[in-house]
Amino acid sequence: MNWYKQTIEQTMSKMNTSSNGLSKVEREKRLAADGYNKIEEKQQVKPWQKFLKHYTDLLMIVLMVAAVLKFVTGDFVEGTIIFLVVVINGFVSYWQERKAEESLDGLKQMMGQEAVVVSEGTKSTISAEELVQGDIVALKAGDVVPADLRLLEVHDLLIEESILTGESEAAEKNTAVLTKEAPAGDQKNMAFSGTLVQAGSALGIVAATGDDTEIGKINHALQSVEQQTTPLVKKMHQLNKQIFRGILVLIVFLLFFTTFRHGMEWNLMFSAMIALIVAMIPEGLPAVLTMILSLGVKEMARENAIIKNMPSVETLGAMTVICSDKTGTLTENKMKVMDLATSETQMVMDIMNNCQELKLKDHQSAKELQGNPTELALLHYVEEADLKLKTVVGKIPFSSSYKFMATMHPEADGAMIFVKGAPEVLMKKSILTETEKTSWSNQASALAQKGQRVLGFAYKKVASQQELTHELLSELTFAGLAGIIDPPKQSAIQAVKESQEAGITVKMITGDHKETAKAIGEQIGLKHTAKVLEGVDIDAMSEEELAVQVQQVDVFARTTPEHKLRIVTALQNNGEIVGMTGDGVNDAPALKKADIGIAMGIKGSEVSKQAADMVLADDNFHTIAKAVKEGRRIFDNLKKTINFFLPTALAQGLIVVWALLANQPLPLTPVQILWVNMVTTITLSYALGFEKASEDTMKRPPRGTNEGILSGYSMFRIVYVSLIIMIPAYLLAMSFEGQALQQTILLQNIVLAQAVYMINCRELVNPALNKGLLQNKVLFASLGILLLLQMSVVFLPFAQQLIGTVGLSLGQQVVIAGNAFLLFLVVEVEKRITKHFSDKKEKKSVSQN
Ligand code: ATP
């Protein structure tokens, strides 16, 4: 059906609906019949394909070739074990990937779109997926159109349809019926699913949903969690490749060396090379890091911070400035009219009752209504008065760019225009003497200084009903002021303090009045509130002047979204890493420009949510501080995991290299090395991801952004730890007779050393034995499982045969444990010394500044 060729009446009757919308029962019936309003995602990769993918990994192929060669040469036991390791590794990787995907899928669902629907004459917000054909839907600036709509009523509606038409200029919409065939881009009386409402407001009737929409026909899934990896993980992939190349070079060298110098048999050498590759490549590490990230992101979502863009997890820890909105983010957003300054009470109340978007019929209680909290507060205020709603024939919707709203209502002898908005804006449009102006300004200031949001009311009588344009809004009669309180959130006050302690500057950027902003800024504990910068001040500044000012000022008032963009840019030019909140349609550029764009889940427009890197499900500033803490924790845990993996890999590799160079029998067989690798990958590898945040997480300054994956200190740590794992273990093993015993001692030593070193790695620089020791249950559970598996390999006859181990005496076990404990002590002492010197250096540099 070409709905654009149907008149509104025809559309309504064909869809069996009215301007009051469908009844609840009818909506449910249609939903059951037609299905949900969602686009089926393109064919997904099948689980078995995903599973098999892990076996195409280069290292896996090398191992499989090794297993086959072992079979060919008749070494069935080793062949089978290598093969088993391959299979188990594949399973583990698949499981890790699935976990990671599950958490991201969960996030996708949390980002579901909403729609305002009129049903039984009342507006309510529902999930856009529940829309059915015939529903009446309200659109406002900032919305993403939730389904294909035939427009019924439009007010200055501009829609950006580039997703469908490629045209980035927004299209002006109307309701007039078309007589000829037209492509989507020319159907001016239609709004299409997935397009963006740039300005204005409208009502439309749902014409098509889900796959039947224009966008559905071209099968374009709308929301997705972007990029599944972060710079750190990418760097780790690169590092892995480098290690792989390095090992290949090493292998070529060792091949020549051992063949020509020692005349080693190829079969033995082959085993040794496999052992070397397996030992030294931290092959599981990138997958483990990804899993830690995705679990962290899931945890963040549980705390109401929904990450859309994975790299933001890392950026969060480096953030130096948070620019926040005021209303709802720092304040309660439970608005209440406290003061009224007017001599025309009846008129002001009439404006409150009619110049609004929420109430559609008389006697609707404000409690039942949803939407703009300022309007709710005003409707609440007039509720007792039992005023009648007037017919609306024209409307200019509110925009934070021009800061007012206007409506037109027919009267017997012409029409009445009602306007409400920022007092100084309305005063400019009103006929006022200088004394009246001063008097109103003073009254507005007095209210604002109490931290109240001040709204002005004005009206104008016109001789005839006509189109309501911005030009018509001059020579108004100023009717009065209302002061609305919106107290700061206690949780936000606490979070501002926490952020400041974490070295992050908090700035407030609001559309509200200077005095109101200043008062609220002081109440929530911002540092520099003496000077407030207004939008007009910013307009008058050059980039250089603004760059200086943004560092000194924490409160910005009467700003428009365009100012936010300039503020972010100025801060970034000063080298700051900026988090910026935004909710309106025009905030998208600033959100995109910011290092972390933060949208509001409840009051935020769909457009702002699409542009953001992170969405706050509860609109609360406190959540940003929690996300920063979580971001820092995740990043720390990634670093801890890398610091744990690399020395243990190097230690095992060094043992093999040493044996080959010295022409000694391999101190560990390939199977034993595979065993250590597998058992530690399965048990220990992600335990550090569950480590709780260190106590000083929010007491230290943000991380520098140019920090590499391996600092000089990490390199030092990797080398010395691998030596301390290897040398004492090797010497101890060699002090006993018999190859099997030597190998078992070495094996046991390496496993225990890894276990204690993991406890070392719980903290990067602080002592590992601290208050939080018992909090990481996963760590202790995995240590327990590791020890159990290791003990069974040492003591169970079946495993002994397979792995080539022998039982150990109690004495031997104690000495091995002592060895591991020594490693633990050395690392702890080294951390203490390093911290001492780095603290000293920091103090020195602080005192020099
Ligand atoms: P923030 O940017 O921190 O959320 P804000 O909510 O005060 O602050 P805007 O929503 O841009 O910013 O509002 C700016 C001003 O516009 C308000 O101070 C008020 O005077 C006026 N205003 C707000 N809401 C409405 C509305 N629904 N109708 C008319 N005027 C409004």
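## A walk through the predicted model

The protein's secondary structure adds up to 29 helices and 21 strands, where helices (H or I, at least four residues) and strands (E, at least two) are DSSP runs numbered from the N terminus. This is a predicted model, so local features need pLDDT of at least 70 and side-chain atom pairs count only at pLDDT 80 or more, while totals for chains, interfaces and linings use all residues. Residues are numbered from 1 along each chain as its sequence is written, and side-chain values use heavy atoms, with hydrogens and water left out.

**Overall picture**

Taken along the principal axes, the C-alpha atoms fill a box of roughly 115 × 70 × 45 Å. Of the 849 residues, 54% count as buried; buried here means under 20% relative accessible area, exposed means over 50%, and partly exposed is in between (1.4 Å probe, protein chains only). For contacts (heavy atoms within 4.5 Å), 74% of those with a separation of 6 or more come from residues 24 or more positions apart.

**Helices α8 and α9**

How do the axes of α8 and α9 cross, and within what distance do they come? Helix α8 (residues 231-262) and helix α9 (residues 266-280) have axes that come within 11 Å and cross at roughly 155 degrees. Axes here are lines fitted to C-alpha atoms, for helices over the stretch in contact, and angles run from 0 to 180 degrees between N-to-C directions. The two helices are therefore roughly antiparallel to each other, going by a scale where angles under 35 degrees count as roughly parallel, over 145 as roughly antiparallel, 65 to 115 as roughly perpendicular and the rest as oblique. On the α8 side, Ile243, Phe244, Ile247, Leu250, Ile251, Leu254, Leu255, Thr258 and Thr259 meet Met269, Met273, Leu276, Ile277 and Met280 of α9. Sorted by type, the residues of this contact are twelve nonpolar, two polar and no charged. For that split, Ala, Val, Leu, Ile, Met, Phe, Trp, Tyr, Cys and Pro count as nonpolar, Asp, Glu, Lys and Arg as charged, and the others, Gly among them, as polar.

**Helix α11, tucked in**

Helix α11 (residues 311-318) has seven of its eight residues buried, so it is largely enclosed by the rest of the structure. The buried ones are Pro311, Ser312, Val313, Glu314, Leu316, Gly317 and Ala318. Their cover includes α8, α10, β8, β20 (596-600), β21 (614-616) and α23.

**Salt bridges**

Side chains of opposite charge can pair when their charged atoms come close. Taking a salt bridge as a side-chain nitrogen of Lys or Arg within 4 Å of a carboxyl oxygen of Asp or Glu, the count comes to 35 salt bridges. Here are three of them, with N to O distances.

| Acidic residue | Basic residue | Closest N and O atoms |
|---|---|---|
| Glutamate 26 | Arginine 30 | 2.7 Å |
| Glutamate 303 | Lysine 626 | 3.4 Å |
| Glutamate 357 | Lysine 395 | 3.0 Å |

Glutamate 26 and arginine 30 both sit in helix α2 (residues 24-34), four residues apart, about one turn of the helix. Glutamate 26 is partly exposed at 23% relative accessible area, whereas arginine 30 is buried at 13%.

Glutamate 303 and lysine 626 share a salt bridge that links distant parts of the chain: glutamate 303 is in the loop between α10 (285-302) and β8 (305-307), lysine 626 is in helix α23 (residues 621-661), and they are 323 residues apart. Both ends are partly exposed, glutamate 303 with a relative accessible area of 30% and lysine 626 with 28%.

The salt bridge of glutamate 357 with lysine 395 runs from the loop between α12 (345-354) and α13 (373-382) to strand β11 (residues 394-396), so the pair ties together parts that are 38 residues apart in sequence. Lysine 395 is buried, with a relative accessible area of 14%. Elsewhere, salt bridges that share partners join Asp325, Lys564, Asp583, Asp587 and Lys603 into one network.

**The loop between α24 and α25**

Is threonine 697 buried or exposed? Threonine 697, in the loop between α24 (670-683) and α25 (712-734), is buried, with a relative accessible area of 0%. Not counting residues up to four places away in sequence, threonine 697 touches Lys629, Arg632 and Arg633.

Alanine 693 lies in that loop between α24 and α25 too, but it counts as partly exposed at 29% relative accessibility. Leaving aside neighbours within four places in sequence, alanine 693 is in contact with Lys629 and Arg633. Alanine 693 and arginine 762 are 69 residues apart in sequence and 10.0 Å apart in space, C-alpha to C-alpha.
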